Protein chains: 2
Amino acid sequence: MNISARTEYAIRALLSLTSAQMAGSTTVSAESMANAQGLPKKFLEAILLDLKRGGLITSRRGSSGGYQLNGQAGQITLGSVVRAVDGPLAEVRGARPQDAAYDGDASHLPVVWVALRASIRTVLDEVTLLDVVTGELPAHVLGLADQPDAWRNR
Amino acid sequence: MNISARTEYAIRALLSLTSAQMAGSTTVSAESMANAQGLPKKFLEAILLDLKRGGLITSRRGSSGGYQLNGQAGQITLGSVVRAVDGPLAEVRGARPQDAAYDGDASHLPVVWVALRASIRTVLDEVTLLDVVTGELPAHVLGLADQPDAWRNR
DNA sequence: TGATTCCCTATTAATTAAATGGGATATACC
DNA sequence: GGTATATCCCATTTAATTAATAGGGAATCA
């Protein structure tokens with residue numbers, strides 16, 4: 001149940017591209033993203049390639065090349081980023097939640113796994129890159145983060 | 001964002017113990033749990049040790065020994081099981097969600113991570129072992145699993 | 001006493017995660 | 001055309017984690 005470095009780096013790089021899009025600039029190089037966010041450059045390059053293959057960004061080579069978002073920052077969700085770099089959300093022992101089959105005492109377990117994935121989706125598939133940069137997060141998400149113990153460990 | 005085999009095995013073993021508790025029996029051996037749920041026995045033993053150290057079960061050695069739940073099945077949540085065998089929910093690159101620190105474009109990201117963890121908690125910390133065995137899951141959880149596309153991949 | 005069953009440490013094998021290196025390919029600008 | 005820039009791509013490395021197994025010690029009961 002962890003967010004990988006890959007995913008975290010991907011999101012932070014895309015937030016740089018979002019910022020650039022808002023400022024009206026064209027492309028941003030891997031190097032400047034790595035510097036701005038403190039990410040290992042070659043590792044970031046590999047991640048950006050995944051993002052490109054996933055259709056989230058476009059790129060241009062050459063002297064004034066770099067990357068930019070493929071589409072509007074307000075249309076790109078964190079969920080799509082996670083899926084592009086780390087695969088499906090909430091897999092259970094390598095399988096999709098609804099495909100985990102059990103019998104006997106555990107027969108109702110898939111319902112729980114599906115609900116768990118659905119609850120994760122209510123956050124990751126509702127928050128866009130633009131939301132994160134502006135801090136104007138969906139009411140539902142702010143509500144979750146405003147719960148009494150949300151910021152405390154259990 | 002995955003559920004490990006460790007966690008899945010732990011839950012399935014505990015569901016066997018829940019069933020035994022409901023039937024009024026005393027202890028269940030690791031071997032019979034492994035057989036009933038099709039789990040590797042020695043691996044299961046290691047997991048049961050974690051569960052014991054986490055205070056979720058008790059054990060007795062010897063010829064009619066075995067394991068039993070420490071407390072009522074209706075009081076033990078899936079969240080406590082996950083924490084006992086796999087550590088904290090929803091860590092971000094090895095740190096707690098609220099401890100991930102960023103500046104610049106990513107400064108609002110911790111709010112998202114905390115909200116994500118909160119949403120996971122609304123499922124895992126609300127569902128008990130008894131709920132799963134009986135299939136009588138909390139309304140909130142059933143609601144999530146009843147959403148139109150909850151059972152479909154994205 | 002002997003069978004049973006948990007307890008515990010160590011080890012292994014496979015996979016994944018995180019990163020690095022080197023170089024080929026495309027682009028812009030002088 | 002030449003050169004600097006920057007993506008693209010493959011191969012390799014290192015470390016950590018995951019999943020599982022092995023072997024035997026310690027407690028318990030009949």
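**Close-up views of a predicted protein–DNA model**

**View 1. A salt bridge joins chain A to chain B.** The side chains of A:Glu8 and B:Arg93 form a salt bridge with an N to O distance of 2.8 Å; a salt bridge is a side-chain nitrogen of Lys or Arg within 4 Å of a carboxyl oxygen of Asp or Glu. Between chain A and chain B the count is four salt bridges. This is a predicted model, in which local features need pLDDT of at least 70 and side-chain atom pairs count only at pLDDT 80 or more, while totals for chains, interfaces and linings use all residues. Residues are numbered from 1 along each chain as its sequence is written, chains are lettered from A and ligands numbered from 1 in the order in which they are written, and side-chain values use heavy atoms, with hydrogens and water left out.

**View 2. The interface of chain A and chain B.** The contact (heavy atoms within 4.5 Å) takes 61 residues from chain A and 61 residues from chain B. The two chains bury about 5,600 Å² between them, 64% of it on carbon and sulfur atoms; buried area is the accessible area (1.4 Å probe) that two parts lose on being put together, summed over both. Across this interface, 33 residue pairs are in polar contact, both residues being at pLDDT 80 or more. A polar contact is a pair of N or O atoms within 3.5 Å; within protein, one must be able to donate a hydrogen and the other to accept it, and residues adjacent in sequence count only if both atoms are side-chain atoms. On the side of chain A that touches chain B, H5(A) gives the most, with 16 residues. Helices (H or I, at least four residues) and strands (E, at least two) are DSSP runs, numbered from the N terminus. By class, this side of chain A has 35 nonpolar, twelve polar and 14 charged residues. Ala, Val, Leu, Ile, Met, Phe, Trp, Tyr, Cys and Pro count as nonpolar, Asp, Glu, Lys and Arg as charged, and the others, Gly among them, as polar.

**View 3. The surroundings of DNA strand D.** Of the 26 residues around DNA strand D, those that come nearest are A:Ala30, A:Lys52, A:Ser59, A:Gly62 and B:Lys42. Sugar and phosphate make up 67% of the strand D atoms that come within 4 Å of the protein. A polar side-chain atom of A:Glu45 lies 3.0 Å from a base nitrogen of the strand, whereas an N or O atom in the side chain of B:Tyr9 is 3.3 Å from a phosphate oxygen. H3(A) supplies the largest share of the surface near DNA strand D, five residues; a residue is near a strand if one of its heavy atoms lies within 4 Å of it.

**View 4. The surroundings of DNA strand C.** A polar side-chain atom of B:Lys52 lies 2.7 Å from a phosphate oxygen of DNA strand C, and one of B:Arg61 lies 3.1 Å from a sugar or linking oxygen. H3(B) gives the most to the surface near this strand, with five residues. By class, the surface near DNA strand C has seven nonpolar, nine polar and ten charged residues.

**View 5. A:Tyr67 in strand S2.** A:Tyr67 lies in strand S2 (residues 66–69) of chain A. A:Tyr67 is buried because its relative accessible area is 17%, and buried means under 20%, exposed over 50% and partly exposed in between (1.4 Å probe, protein chains only). Beyond residues up to four places away in sequence, A:Tyr67 touches several others, including A:Leu17, A:Met33 and A:Ile57.
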